[in-house]
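Trainee: Before we use any labels here, I would like to hear what each one rests on.
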Amino acid sequence: METFYTAQEVADLLKIKKTTVYDLIKKNRLPASKVGKQIRISRSDLDTYLKQDSDGTGTVSGFGQEKSSTPVQPVPMAEAADNILRTRDYLQHNNGLIIGGQDELISIFCAYFQLEPDSLPVIQHSLNFYDSLYSLYFEKVHMAFVPVPGGFQDNPMHYMVPGMSLVSVQVAEITYGMYVKKGNPLRIDNVLQLVSSGARVMRGEKGSTCRIMLDQCLKDAGIDPEQLNICSRENISALAAAAAVDSGQADVAVGSRSVLERFPDLEFIPLQKADLKLVFHSRFLEHPAYQSMIYVIQSDIFRRRLKQMDGYEADRTGRVDRI
């Protein structure tokens with residue numbers, strides 16, 4: 001009997017991204033069948049592709065080869081942007097959705113959403129606060145999960161997504177703070193002590209919620225960031241921030257409390273809270289898939305899951321506003 005694989009299973013077998021599998025299918029390099037809304041690839045078609053795409057050495061080009069001493073080259077921005085556009089093009093022609101955002105809660109949300117009868121295929125792009133809103137404005141994503149810091153006097157979406165009528169759904173309230181080694185050896189209790197302690201501080205990339213939180217707290221305290229002992233590298237996620245402190249590359253980094261359960265040798269110093277919101281264009285509000293998303297966020301099971309996760313609060317979860 002013929003064996004069939006999902007796109008994710010093929011990606012796992014070839015050690016590539018799921019989006020690459022979709023790209024191969026779109027380019028007719030890898031045959032696939034559609035069963036309802038699901039894509040399936042037969043074992044024989046996969047074997048044929050592997051043989052055709054072989055470089056003559058018995059291995060598929062780019063997979064299973066010996067490690068080279070040549071350093072890994074960064075992907076040019078133009079090429080990366082083209083990959084995102086191809087992904088969007090695939091989903092738009094195959095009735096799917098692209099979500100921008102970085103918080104780990106997005107994956108949990110997507111898992112519940114995929115169980116709904118009106119759900120659609122979803123691809124998540126790990127975009128920070130600014131890039132998510134930018135992509136939403138230029139319609140490179142269908143929706144964005146955006147953590148809005150509580151210290152903002154005005155809603156930043158009025159300025160970053162001008163002229164668009166948006167719907168905002170409250171997903172959770174997230175606590176952000178500083179990661180330090182267990183026992184807090186430098187006795188850091190607030191941002192003022194970041195200067196006096198001489199702590200090595202790793203900042204997040206510009207546009208990330210971690211960076212916004214730290215910069216805002218420094219400004220409120222009257223501290224010039226140049227006074228800090230800043231690490232040369234910047235982290236791109238809360239997980240990377242915690243890993244930097246855990247590995248000793250930094251003494252302090254900012255991230256969400258939820259990450260801390262994976263790093264038992266770290267402690268957390270709360271700084272501020274942010275509202276994680278699901279944001280999309282109001283013209284999609286009545287679409288069945290978007291209605292299913294709101295239903296998932298407002299469901300009792302999703303709220304219960306939130307309450308079981310450290311660092312998330314569900315008091316206003318499910319509130320829908322127009323922006």
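**Labels and their cut-offs**

Mentor: Start with the buried residues of H9, a helix by DSSP (a run of H or I, at least four residues, numbered from the N terminus): Thr209, Cys210, Arg211, Ile212, Met213, Leu214, Gln216, Cys217 and Leu218. The model is predicted, with local features needing pLDDT of at least 70 and side-chain atom pairs pLDDT 80 or more, while totals for chains, interfaces and linings use all residues. Residues are numbered from 1 along each chain as its sequence is written, and side-chain values use heavy atoms, without hydrogens or water.

Trainee: What makes H9 mostly covered?

Mentor: In H9, 9 of its 12 residues are buried. Buried means under 20% relative accessible area, exposed over 50%, partly exposed in between (1.4 Å probe, protein chains only).

Trainee: Why does Asn184 count as buried?

Mentor: Because its relative accessibility is 10%, Asn184 counts as buried. Asn184 lies in the loop between strand E7 (166–181) and helix H8 (192–196).

Trainee: Which residues is Asn184 in contact with, leaving aside its neighbours within four places in sequence?

Mentor: Asp189, Glu267 and Ile269; contact means heavy atoms within 4.5 Å.

Trainee: What span is expected of H9, residues 209–220?

Mentor: The expected span is 1.5 Å times one less than the number of residues. For H9 that is 16 Å, and the helix reaches 16 Å from its first C-alpha to its last.

Trainee: Why are E1 and E3 said to pair?

Mentor: Pairing needs at least two DSSP bridges between two strands (E, at least two residues). E1 and E3 (residues 38–42) have 2 bridges, in the antiparallel sense.
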